[in-house]
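Reader: Hello! I am new to this structure and would love a close look at a single part of it. Could you walk me through one helix and then show me what surrounds it?

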Amino acid sequence: MIKIRLFCAAGMSTGILVERMIKSARERGLEADIAAAPAAAMEEETQGIDVAFLGPQVRYKLDEAKKICGEKKIPVEVIPMVDYGTMNGKNVLDFALRLSGREEQQ
Amino acid sequence: MNQLSNALMKVGKWADKNEYLNAVKEAFQMFIPFTIIGAMGTLWTSVLCNANTGLGSIFPPIMALSFLNPAFNAVNFCTIGYIGLGITVLVGALLGSSKGHDPIYCGLLSLLCLAGVSQSSMDVAAADGTVIETIKGIFNSNLGSTGIFTGIIVAICSVELFNTIMKIDALRIKMPDKVPGSVAKSFSSLVPGFLVILIMGLISLVIYTVIGGYLNDFIYNLIQAPLLRLGSSLPGILVFVLIAVMLWSVGLHGENMINGVLNPILISLMVENTEAVEADGATMNIINFSFYRTFLCTGGTGMVLALTIAFLITGKREENRSIAKLSLVSNLFNIGEVCMFGYPVVLNPILIIPFIASSLASIIMGYVLTAIHICPIMYVNMPWTMPPFLLGFLASGGNIMGGVCQLIALAVSTLIYLPFVKLYEKQQAAAE
């Protein structure tokens, strides 16, 4: 089970990517809890998650995100622009698995 | 390009770390749904059940429901009519929470301070100057749209003062360890709370003594009115638009970064219009929140639905067409990120040109169309995800021309994007 949260301004645009990531997880038979949320709710929404992502359009929040996630020892990264623009759920899910150190499970 | 990107990143980081801008931005984000609720009340009383301006003029039977109007008026009055009050509480609570204080306490403290600095009674005088009656109460002008900036400033000052005074140990009443934490807390903030309310009252007193008016009049005339005049002027809004689209050009969420400044202005202008319509007056502010969304954010900031349409019309390359198809649905709800990062527009020297040009052209066109009375002035707040045409139609109170003008802006933007889409594909082919 991997729990991933994607943060953008309102949690809307990342919502599309979330659907694609869920689809990719299902194809691999990976149990995953993936959802989008507004960046303003990061404090609450990072509770008990494995990986946090920021949409590239709010990448200026990375310092703040690292502070919040650092305390909870959660890896946090900005989604690469190309994967974001093409809504490449597979790549972003791969990235999440790498960040959480679960790559070898695949 | 990279240097520009880095410089803008710095601005973004600064704005994002600024506690005041953040509190104001989030406060407006939280209150916007209530302005939409209020707009539903307005839609009922001025668009549906209204014998002069609404459906009632062409479909009289609906007027049988006019006995409901007071209730819908109340929906508007208690939301949009109290926007200043709501913003005060929210800014106070959010700022307090970011400083590590209890948000409910800080929100309430800000509200009480606002009451403390407001005019609380008025003499009704006869023609010869003798006072007939003294009316008590805080006027709506302090709590509605004309009180927004006063509310923001009062909330920031109250919480800052509270934060400063709380740091002075001697002013906090300490309880023995056996007293429960929540009780001890209520005592420790007693003196600071008193001092904050007192100091705010004294400031108000000084202003009243010196200029003979209340704090709200002072702030309204000195800050709010000039800012709104700036924001409602065409050059003013074009500067804001330019900043927003420049930020987007390097892939940063433009609105999210400048909303701390932009929203107080655009929402105030919007709410002034709603209040004017409620009072059967004339709307005045061509530029407002819904105008911005209609003439800049069709499909997402930069009229990017037009870009997707341009790719669907003229695009020949499979990768571009597949992004256009992927993007189209989200564009219909004004989510532009797929376009911005997909084609991409971000850091793309060819597509940035029409991105900026169509933004400015669309705003100017919307302004001109409204000024010459082809497009109605917008006065209804709508969710930002409202699809094209419907947004212009509903934001102008159900006036078909509002929707038509949004489509005109979309068509002109498409024409601006088209040659650049061709050029971009040519360049892509050459690069292979």
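Author: Happily; here is a tour of one helix, followed by its surroundings.

This is a predicted model, in which local features need pLDDT of at least 70 and side-chain atom pairs count only at pLDDT 80 or more, while totals for chains, interfaces and linings use all residues. Residues are numbered from 1 along each chain as its sequence is written, with chains lettered from A and ligands numbered from 1 in the order in which they are written.

Let us begin with helix 11 of chain B, residues 234-249. Helices (H or I, at least four residues) and strands (E, at least two) are DSSP runs, numbered from the N terminus. At 1.5 Å a residue, the 16 residues of helix 11 of chain B should span 22 Å, and its end C-alpha atoms are 22 Å apart, which agrees. That expected span is 1.5 Å times one less than the number of residues.

Which residues of this helix are buried? They are Ile237(B), Phe240(B), Val241(B), Ala244(B), Val245(B), Leu247(B), Trp248(B) and Ser249(B). Buried means that 20 or more other C-beta atoms, placed from the backbone, lie within 10 Å of the residue's own; exposed means 12 or fewer, and partly exposed is in between. An α-helix has 3.6 residues a turn, so residues three or four places apart point the same way.

The buried residues of helix 11 of chain B pack against helix 1 (2-17), helix 10 (215-231), helix 12 (254-278), helix 13 (289-296), helix 16 (337-342) and helix 17 (349-371) of chain B. After helix 11 of chain B comes Gly251(B), with a positive phi near 85°.

Now for the wider chain. Chain B has 19 helices and two strands, and 48% of its 432 residues count as buried. Its C-alpha trace spans about 75 × 60 × 40 Å along the principal axes.

The domain assignment, whose bounds come from an automatic or database source, gives chain B domain 1 (20-225) and domain 2 (235-431). Their C-alpha centres lie 33 Å apart. The contact takes 21 residues from domain 1 of chain B and 18 residues from domain 2 of chain B; two residues are in contact if their C-beta atoms, placed from the backbone, lie within 7 Å. On the domain 1 side, helix 2 (19-48) and helix 7 (148-166) of chain B are the elements that give two or more residues. The largest share of that side, 13 residues, comes from helix 2 of chain B.

There is also a nonpolar core to visit: a set of buried Ala, Val, Leu, Ile, Met, Phe, Trp, Tyr and Cys residues joined through C-beta atoms within 7 Å. The largest one has 148 residues, and those with the most contacts inside it are Phe7(A), Ala52(A), Ala27(B), Val91(B) and Ala306(B). Helix 7 of chain B gives the most to this core, with 10 residues. Domain 1 and domain 2 of chain B both give residues to the core, so it lies between them. Leaving aside neighbours within four places in sequence, Val91(B) is in contact with residues including Ala23(B), Ala27(B), Ser110(B) and Ile156(B).

Finally, meet chain A, which has five helices and four strands in the pattern β-α-β-α-β-α-β-α-α along the sequence. Of its 106 residues, 46% count as buried.
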